[in-house]
Amino acid sequence: MRFSYISATIAFGTASFGAAHPRSEWEPAGPNDVRAPCPMLNSLANHGFLPHSGKAIDVNKTVYALGAALNFEPSLSTTLFNFAAGTNQLPNATWFDLDHLSRHNVLEHDGSLSRQDAYFGPQAEFNAAVFNQTKSFWTGDIITMQMAANARASRLMTSNLTNPEFTLSDTGSTFSFGESAAYVTVLGDKKSATVPKTWVEYLFENERIPYELGFKRPDEAYTTDDLIAASNQIFAAQHFPQSPGKGL
């Protein structure tokens, strides 16, 4: 499968699996806090599942936050942590700050669903115009994998056409598929691969988990296989060749 190599990168940590956590109070980032170009991680920090400062996040804190808030299996959380720690420029880093994730073309990539490309300016902040393009492809009250794939393809094509320095590495492409797969199957129903549109808009626009709209931590753990399968669905639903231009 297109994304089967993800499972080979898993390095199992010793952190214990985060149990269900009472819904955490929400507080936006303060002037000394840092945030990422990722609305979900920012939401986890705003709710206090991750350190509210966004700083010094190690594997134990990552496994706890993703498990407590979203019921991620520990091995998947550890894999994601290992990628994130790679954005810390210190040798052999065992932690990361959320703003490390803004390093361009490491994990952060052009063609984001809600951020401008680095060529045009700071890419960590939410960009309403970019997100409006993404939302225009969510044509019903329930977002399907096809809608998610269409939105992703449109954003990449727009960036490819407008950004003279557009690039998309293999890692960036894989994360791009995973990001679209995750907002559908982590926030929504992984079996039907659908999610209420209002939940996704609420998360992106407020960097806040949509508890008020009905989201609940799922009873069944979200696994590496779930993410791979959902990413493959996005890949199968796209409507352009994988390399129509500058590295798509």
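These legends walk through several close-up views of one predicted protein model.

**View 1. The whole chain, a predicted model with nine helices and two strands.** Residues are numbered from 1 along each chain as its sequence is written, and side-chain values use heavy atoms, with hydrogens and water left out. Since this is a prediction, local features need pLDDT of at least 70 and side-chain atom pairs count only at pLDDT 80 or more, while totals for chains, interfaces and linings use all residues. Starting at the N terminus, the order of elements is α-α-α-α-α-β-α-α-β-α-α. Helices (H or I, at least four residues) and strands (E, at least two) are DSSP runs, numbered from the N terminus. Of the 248 residues, 50% are buried, where buried means under 20% relative accessible area, exposed means over 50%, and partly exposed is in between (1.4 Å probe, protein chains only). The accessible surface adds up to about 11000 Å², and carbon and sulfur atoms own 56% of that; areas come from the Shrake-Rupley method with a 1.4 Å probe, and for residues only the protein chains shown count as cover. Take the contacts (heavy atoms within 4.5 Å) between residues at least 6 apart in sequence: 64% of them join residues at least 24 apart.

**View 2. Helix α3 and what it packs on.** Helix α3 covers residues 59-70, and its 12 residues reach 16 Å from first C-alpha to last, close to the expected 16 Å. That expected span is 1.5 Å times one less than the number of residues. Just ahead of the helix, D58 caps the N-terminal end, with a side-chain oxygen 3.2 Å from the backbone nitrogen of N60. At the other end, α3 is followed by N71, which has a positive phi near 60°. Buried residues of α3 include V63, L66 and L70, and the buried set packs against α2 (39-46) and α4 (74-85).

**View 3. Helix α4, a neighbor of α3.** The end C-alpha atoms of α4 sit 16 Å apart, which agrees with the 16 Å that its 12 residues should span at 1.5 Å a residue. Among its buried residues are L76, F81 and A84, along with S75, S77, T78 and T79.

**View 4. The largest nonpolar core, with 53 residues.** A nonpolar core here is a set of buried Ala, Val, Leu, Ile, Met, Phe, Trp, Tyr and Cys residues joined through side-chain atoms within 4.5 Å. L44, L98 and Y183 have the most contacts inside this one. The elements giving two or more residues to it are α2, α3, α4, α6 (145-162), α7, α8 and α9. Zoom in on Y183 and you'll find it touching L113, W138, I143, A148, G188, V195, V200 and F204, leaving out residues up to four places away in sequence. In soluble globular proteins, nonpolar side chains tend to be buried together.

**View 5. E207, R115 and N42 meet in a buried spot.** E207 and R115 form a salt bridge, their closest N and O atoms being 2.8 Å apart. The two come from distant parts of the chain: E207 is in the loop between α8 (197-206) and α9 (224-237), R115 is in the loop between α4 and α5 (128-135), and 92 residues separate them. Both E207 and R115 are buried. A salt bridge is a side-chain nitrogen of Lys or Arg within 4 Å of a carboxyl oxygen of Asp or Glu; by this rule the count comes to six. N42, in helix α2, is buried too, with a relative accessible area of 1%. Its side chain makes a polar contact with the side chain of E207 at 2.9 Å. A polar contact is a pair of N or O atoms within 3.5 Å; within protein, one must be able to donate a hydrogen and the other to accept it, and residues adjacent in sequence count only if both atoms are side-chain atoms. Beyond four places in sequence, N42 touches R35, A36, L98, R115 and E207.

**View 6. A salt-bridge network built from K190, K191, E220 and D226.** E220 pairs with K190, the closest N and O atoms being 3.3 Å apart. E220 lies in the loop between α8 and α9 and K190 in the loop between α7 (170-185) and β2 (194-196), so this pair ties together parts 30 residues apart in sequence. E220 also meets K191 in a salt bridge at 2.7 Å, N to O. K191 is in the loop between α7 and β2, 29 residues from E220. How accessible is K191? Its relative accessibility is 64%, so K191 counts as exposed. E220 is partly exposed at 44%, and K190 is partly exposed at 21%.
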